[in-house]
Amino acid sequence: MDVKIKLEVEFSITESGLEDAFDEYDELTVEGLLRELLDKSVACDDIAVKIVSGPNTLEEYDEASS
């Protein structure tokens, strides 16, 4: 039987850490990055990721830090 789990996760990451993670996983958004991490480490199906607050791209990060 499949089980659906819904959660909220909050974390802090340095700019260089975010850039490195985007490069390593070849993703352009935080949503895509988290979806990749969950898929590879937990083998989840039908992963839905939604950023509630904070930047989702490096461009959004740059705008917020200016």
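**View 1. Phe-11, in the segment before helix H1.** In this predicted model, Phe-11 sits in the segment that precedes helix H1, and that helix covers 15–25. Is Phe-11 buried, exposed or partly exposed? It counts as partly exposed, because its relative accessibility is 45%, and that label applies between the 20% and 50% cut-offs.

**View 2. The nonpolar patch that includes Phe-11.** Zoom out a little from that side chain and you meet its partners. Phe-11 shares a nonpolar surface patch with Met-1, Val-3, Ile-5, Leu-7, Val-9 and Ile-13. Together these residues offer about 870 Å² of accessible area.

**View 3. The helices of the protein chain.** What does the chain fold into, counted in helices and strands? There are 3 helices and 0 strands, so reading from the N terminus you get α-α-α. The C-alpha atoms fill a box of roughly 50 × 25 × 15 Å along the principal axes. As for contacts with a separation of 6 or more, 32% of them join residues 24 or more positions apart.

**View 4. Surface and burial in the protein chain.** The accessible surface adds up to about 5800 Å². Carbon and sulfur atoms hold 48% of it. On the inside, 15% of the 66 residues count as buried.

**View 5. Charged side chains of the protein chain.** How many side chains are positive, and how many are negative? The tally is 5 positive against 19 negative. Take the centre of each set, and the two centres turn out to lie 12 Å apart.

Definitions and conventions: Residues are numbered from 1 along each chain as its sequence is written. This is a predicted model: local features need pLDDT of at least 70, side-chain atom pairs count only at pLDDT 80 or more; totals for chains, interfaces and linings use all residues. Side-chain values use heavy atoms; hydrogens and water are left out. Helices (H or I, at least four residues) and strands (E, at least two) are DSSP runs, numbered from the N terminus. Buried means under 20% relative accessible area, exposed over 50%, partly exposed in between (1.4 Å probe, protein chains only). Contact means heavy atoms within 4.5 Å. Accessible areas come from the Shrake-Rupley method with a 1.4 Å probe; for residues, only the protein chains shown count as cover. Lys and Arg count as positive and Asp and Glu as negative; His and the chain ends are not counted. The place of a charge is taken as NZ of Lys, CZ of Arg, CG of Asp or CD of Glu. Patches are made of residues with over 30% relative accessible area and no salt bridge: like charges are joined within 9 Å, nonpolar side chains (Val, Leu, Ile, Met, Phe, Trp, Tyr) within 5 Å. A salt bridge is a side-chain nitrogen of Lys or Arg within 4 Å of a carboxyl oxygen of Asp or Glu.
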